[in-house]
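Grab a pencil and keep the viewer open. Below are a few short exercises, each with a solution worked out step by step.

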Amino acid sequence: MTHQPPSPQRCLVTGATGYIGGRLVPELLAAGHPVRCLVRDPGRLRDQPWRAQVETVTGDVTRPDTLPAALEGVDVAYYLVHSLGTGSGFEETDREAARAFGEAAAAAGVSRIVYLGGLIPGDVPEQQLSPHLRSRAEVGRTLRRSGVPTAELRAAVIIGSGSASFEMLRYLTERLPVMVTPSWVGTRIQPIAVRDVLRYLVGAAGLPPEVNRVFDLGGPDVLTYRGMMQRYARTAGLRRRVIVAVPVLTPRLSSHWVGLVTPVPNAIARPLVESLRYRVVCGEHDIARWVPDPPGGLIGFDRAVELALRRIRDAEVVTRWSSASLPGAPSDPLPTDPDWAGGSLYEDVRERSVQASPRAVWQVVEGIGGDNGWYSFPLAWALRGWLDRLVGGVGLRRGRRDPGRLRVGDSLDFWRVEEIEPGRLLRLRAEMRLPGLAWLELSVTPDGDGAACYRQRALFHPHGLAGHAYWWSVAPFHSVVFGGMARNITERARATD
């Protein structure tokens, strides 16, 4: 049976800067629900097309003092945050955050919590699960015990443009026509299209008050990971892959293997790989009692891949796994200068006049990174990316969400867009592993008679002696890397204007 809730309902979305949250917000708005977003940095939502339609509250689920204001007057609270890839201690962090959120929601009179977790294998004792799956199950249990009716939706592999699971599948299949793989490629999995996940999330807002339980979410196909790779190859027009499974690759080794081949860093790949060791197939489909399947049925695996590839081809990837800031990534704003009181601030400034229109120069600036590279000494950038991945960083392979357009909060290789003023300024904040904080500013101003002035500024705030040593060790290469970058960007703009 279906339950028709009072509409509209005020919805709070946590994790609105993440992969699922960033897609859920416009779906809730389209369904007529007022939306409030709880975010650590409201500026990260500034360039979202729906930004003017939502209310934004600054806060964090790990800071209980920020939750009462966020939950005041809320009917349905979406809990879409977790500490994936944060290293040791993440289970305690997730546990305490869920407990505080549940208590604050109960105190605020919230009618329902909706939580998206991971599909749990029914034949494995919880204590034997991977830490990631065990934590997701504990978060759901904590929320269900909060006194607020909670719908815990559990999904396995989500197929959609930009999801970490999809990009892992995509890059492994496309880059390795012949591969020696871990034994988990033979595990049975029930993937689900991101569109169906979003439909269930929106529909869960209408569950009746007595519903306080887990729901398994899965698409119509049950496949092995090997089968998913073969069907991806067929859908993408690739030759059939040769896949040889061996039992010797542990989850740790598997995550390094995934990290070498795909853009997904080890810190995120490892919990994903650990989850793939288990048979994750839905044990029920009870959600259909309240959120009926669409007339044409749920989206199958092949169709989900087609839709995702079309989004990638048409540069319409709305969010990516890298939309959310990586755990431990620096988030400090650019220090004000020149009278900054925070200590040393090193600079490398390059300025060039170019006989090209400001529009042409900006087009090159906004297209930087990803497949276009960084316009100087590619080997040096590649080496820096490899070194970053060796120490657990993201490296250069995150690429771009969109090949030609940037917005605040976008990841850009091992940078993140901190500020963008179209046609004038692009400021990037480094998310590579560094003994300090780093920024890169690229700006364009008119220079008279249709010409332009290009200004490039690299800044570094060192942390301790290691930070100072790092700056001076790489300073001799700045003329090649940063000087070449300024020269090549302006030359490219002149040649294309």
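**Exercise 1: Strand E2 and its partners**

Start with one pair: Arg36 has Glu55 in E3 as its bridge partner. Bear in mind that this is a predicted model.

Task: Which strands pair with E2, and in what sense?

Solution.
- Step 1. Take the E3 side. E2, residues 35-39, is joined to E3 by four bridges, and the two run parallel.
- Step 2. Now the E1 side. Four bridges link E1 and E2, again in the parallel sense. One to look up here is Val13, whose bridge partner in E2 is Cys37.

**Exercise 2: Buried or exposed?**

Task: Work out which way the residues of E2 point, and whether they are buried or exposed.

Solution.
- Step 1. Sort by direction: Val35, Cys37 and Val39 point one way from E2, while Arg36 and Leu38 point the other way.
- Step 2. Check burial, where the cut-off is under 20% relative accessible area. Five of the five residues of E2 pass, so the strand is largely enclosed by the rest of the structure.

**Exercise 3: The whole sheet**

Task: Put the strands of the sheet in order, and find which of them stand at the edges.

Solution.
- Step 1. Walk across the open sheet: its seven strands come in the order E3-E2-E1-E4-E5-E6-E11, with parallel pairing.
- Step 2. Look at the ends. E3 (55-58) and E11 (213-217) each have a single partner strand, so one side of each is left without a neighbour in the sheet.
- Step 3. Add the twist: on average, neighbouring strands are turned by 20° against each other, direction ignored.
- Step 4. Place the helices. H1 (residues 19-30) packs on the sheet and touches E1, E2, E4 and E5, with its direction at about 165° to that of E1. H6 (residues 194-204) also packs on the sheet, touching E4, E5, E6 and E11, and its direction makes about 155° with that of E5.

**Exercise 4: Two helices crossing**

Task: How do H7 and H10 cross, and which residues make the contact?

Solution.
- Step 1. Get the geometry. The axes of H7 (residues 225-235) and H10 (residues 301-313) come within 10 Å and cross at roughly 55°.
- Step 2. Name the arrangement: at that angle the two helices are therefore oblique to each other. Their crossing is right-handed.
- Step 3. List the contact. H7 brings Met228, Arg231, Tyr232, Arg234 and Thr235, and H10 brings Phe301, Asp302, Val305, Glu306 and Leu309.
- Step 4. Sort that contact by class: five residues are nonpolar, one is polar and four are charged.

Terms used:
Residues numbered from 1 in each chain as written. Predicted model: local features only at pLDDT ≥ 70, side-chain atom pairs only at ≥ 80, totals over all residues. Heavy atoms only, no water. Axes fitted to C-alpha atoms, helices over the stretch in contact; angles between N-to-C directions. Parallel < 35°, antiparallel > 145°, perpendicular 65-115°, else oblique. Left-handed = near helix turned anticlockwise from the far one by under 90°. Contact = heavy atoms within 4.5 Å. Nonpolar A, V, L, I, M, F, W, Y, C, P; charged D, E, K, R; others polar. Pairing = 2+ DSSP bridges. Buried < 20%, exposed > 50% of the residue type's maximum accessible area, 1.4 Å probe, protein only.
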